[in-house]
Amino acid sequence: MAILQAVNLALRFALELCLLGALGFWGFSLGGGWPIRLTAGLGAPLLAAVVWGLFVAPKAAYLLADPWRFVLEFVLFALGAGALYLAARPSLAIALFLLFLLNRVLMMIWAQ
């Protein structure tokens, strides 16, 4: 069981990185000139990382209590999935969101 819990935590970290990657991919795939792409491609993941670091991360400065923490995670991953969908990657969007939900359910069951 301990191995599965460790794999779940590793999946969690990978999903966080995928969230940032999804937002960056969306930003750089926008139409328009390079200033818009660069701003969105770097700004969206940076904003998500700051919000995550302030309110969701285990050592967050303002760690939210559940259920608010879950709500914020849900919103962030929904935005990431939406970004992938808008960047014409609907399969990746569905996979990201479903893996997030599975991971979060297992974290609640195992009190991680």
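Select Asn8 to begin: this residue is buried, with a relative accessible area of 4%, where buried means under 20% relative accessible area, exposed over 50% and partly exposed in between, computed with a 1.4 Å probe on protein chains only. The model is a predicted one, in which local features need pLDDT of at least 70 and side-chain atom pairs count only at pLDDT 80 or more, while totals for chains, interfaces and linings use all residues. Residues are numbered from 1 along each chain as its sequence is written, and side-chain values use heavy atoms, with hydrogens and water left out.

Asn8 is found in helix H1, residues 2–28; helices (H or I, at least four residues) and strands (E, at least two) are DSSP runs numbered from the N terminus. Show the surroundings of Asn8 and, leaving aside residues up to four places away in sequence, you will find that Asn8 touches Asn103, Leu106, Met107, Trp110 and Gln112, contact being defined as heavy atoms within 4.5 Å.

Stay in helix H1 and select Arg12 together with Glu73. These two residues form a salt bridge whose closest N and O atoms are 2.9 Å apart, a salt bridge being a side-chain nitrogen of Lys or Arg within 4 Å of a carboxyl oxygen of Asp or Glu. Because Arg12 lies in helix H1 and Glu73 in helix H3, the pair ties together parts that are 61 residues apart in sequence. Arg12 counts as buried at 5% relative accessibility, and Glu73 is buried as well, with a relative accessible area of 0%.

Which other residues form salt bridges with Glu73? Add Arg69 to the selection, and its side chain is seen to meet that of Glu73 in a salt bridge of 3.4 Å, N to O; both residues lie in helix H3, 4 residues apart, about one turn of the helix, and Arg69 is buried, as is Glu73. Then add Arg104, which forms a salt bridge with Glu73 in which the closest N and O atoms are 2.6 Å apart. Since Glu73 lies in helix H3 and Arg104 in helix H4 (residues 90–109), this pair ties together parts that are 31 residues apart in sequence, and both Glu73 and Arg104 are buried. Widen the selection once more, to Arg12, Glu16, Asp66, Arg69, Glu73 and Arg104, which are joined into one network by salt bridges that share partners. A search of the whole structure finds 5 salt bridges.

Next, display helix H2 (residues 34–55) beside helix H3 (residues 68–86): their axes come within 11 Å and cross at roughly 165°, where axes are lines fitted to C-alpha atoms, for helices over the stretch in contact, and angles run from 0 to 180 degrees between N-to-C directions. That makes H2 roughly antiparallel to H3, a term for angles over 145 degrees. At the contact, Ala48, Val51, Trp52 and Phe55 in H2 meet Leu72, Glu73, Leu76 and Phe77 in H3, and the residues of this contact divide into 7 nonpolar, no polar and 1 charged; Ala, Val, Leu, Ile, Met, Phe, Trp, Tyr, Cys and Pro count as nonpolar, Asp, Glu, Lys and Arg as charged, and the others, Gly among them, as polar.

Finally, select Tyr85, which also lies in helix H3 and is exposed, with a relative accessible area of 55%. Tyr85 touches Pro90 and Ala93, not counting residues up to four places away in sequence. For a last distance, pick the C-alpha atoms of Tyr85 and Leu63, which are separated by 29 Å although the two residues are 22 residues apart along the chain.

Notes: Parallel < 35°, antiparallel > 145°, perpendicular 65-115°, else oblique.
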